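Got the viewer open? Let's take a walk through this one, stop by stop.

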Amino acid sequence: MNQKNLLEVDWSKIPAPTDDGAAAHLNGMTIPKVSLLATDDTSVTLAALPGRTVVFAYPRTGEPGKIALVDDWDMIPGARGCTPQTCAFRDLFSDLKAAGAAHVFGLSTQSNGYQAEMAARLHLPFPVLSDEKLVLTRALDLPTMEVAGLTLIKRLALVIDNARIRHVFYPVFPPDRNAGDVLAWLKDNPA
């Protein structure tokens, strides 16, 4: 399947993920001291960041005009929508900061090089973290799915206060509304 437009999606034709309980253990967990490479070429240790941090995770962003990872990508519940989710966080970035998010990050298991191209193409005002070696994913036991021999993080968002997970958004659907849901939560739950 050729991905002509990554942003225009008819969500009524995409299967929604169900809550499989795979993120239930995350609320209240302490973030492990793991460093991840970011698209701004820094090494980020989420556990060392003071204040409130928002991390939204997604399986895999696509590239316009490129072939999808698998032919039925759109029919895998929760797979489609990484670019719309990322663009929504981009568009609400200043509002998220104003609502108390000291830091905002995207997170996937894609390589830093792949993510850097996407971050530049989408003009992201925040870094995206690469967990290509699954170090954070395994340490937190994040929900994952296996597609085409790759381990991908299922879509979720975390609000982290001083290295402790305060709130988990999971499952996330439709993905383009996740940033707005996180923003509403931040406004209702000041740090």
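Before you click on anything, one cut-off to keep in mind: a residue counts as buried when its relative accessible area is under 20%, and as exposed when that figure is over 50%. Bear in mind too that this is a predicted model.

**The whole chain**

Start zoomed out, with a cartoon of everything. You should be able to pick out five helices and nine strands. Tracing from the N terminus, the order is β-β-β-α-α-β-α-β-α-β-β-β-β-α. Along the principal axes, the C-alpha atoms fill a box of roughly 45 × 35 × 30 Å. The radius of gyration is 15 Å, which agrees with the value near 16 Å that a compact globule of 191 residues would have.

Now switch on a surface. About 8600 Å² is exposed, and carbon and sulfur atoms supply 52% of that. Of the 191 residues, 51% count as buried. If you draw contacts between residues at least 6 apart in sequence, 73% of them join residues at least 24 apart. Colour by charge next: there are 18 positive and 21 negative charges, and their mean positions are 3 Å apart.

**Stop one: S130**

Select S130, in strand β5, which covers residues 128–130. Is S130 buried or exposed? Its relative accessible area is 8%, and since buried means under 20%, S130 is buried. Show the side chain and look for Q110: the backbone oxygen of Q110 lies 2.7 Å from a polar atom of the S130 side chain. Then bring up the surroundings. Setting aside residues up to four places away in sequence, S130 touches L36, L37, S108, Q110, S111, N112 and Q115.

**Stop two: G78**

Move to G78, in the loop between β3 (52–57) and α1 (82–91). Here the relative accessibility is 10%, so G78 counts as buried. Which residues is G78 in contact with, leaving aside neighbours within four places in sequence? Select P15, P17, P59, M145 and R155 to see them. For a distance check, add M118: G78 and M118 are 40 residues apart in sequence, and their C-alpha atoms are 20 Å apart in space.

**Stop three: two positive phi angles**

Next, select A148, in the loop between β6 (144–147) and β7 (150–153). Check the backbone there: phi of A148 is near 50°, a positive value in a residue other than glycine.

Slide along to N162, which sits in the loop between β8 (156–161) and β9. Phi of N162 is near 50° as well, again positive in a residue that isn't glycine. Turn the surface back on and find N162: its relative accessibility is 54%, so N162 counts as exposed.

**Last stop: the loop before α5**

Finish in the loop between β9 (164–169) and α5 (178–188), where you'll find P171. Where is the cis peptide bond that involves P171? Show backbone atoms and look at the link between Y170 and P171, where omega is about -10°.

Don't leave yet, since P174 also lies in the loop between β9 and α5. Select F173 together with P174: a cis peptide bond joins this pair too, with omega about -10°.

Note on methods: Residues numbered from 1 in each chain as written. Predicted model: local features only at pLDDT ≥ 70, side-chain atom pairs only at ≥ 80, totals over all residues. Heavy atoms only, no water. Helix = DSSP H or I, 4+ residues; strand = E, 2+ residues; numbered from the N terminus. Buried < 20%, exposed > 50% of the residue type's maximum accessible area, 1.4 Å probe, protein only. Polar contact = N/O pair within 3.5 Å; in protein donor to acceptor, adjacent residues only side chain to side chain. Contact = heavy atoms within 4.5 Å. Rg over C-alpha atoms; globule rule 2.2 N^0.38 Å. Areas by Shrake-Rupley, 256 points an atom, 1.4 Å probe, with all protein chains shown as cover. Lys, Arg positive; Asp, Glu negative; His and termini not counted. Charge placed at Lys NZ, Arg CZ, Asp CG, Glu CD.
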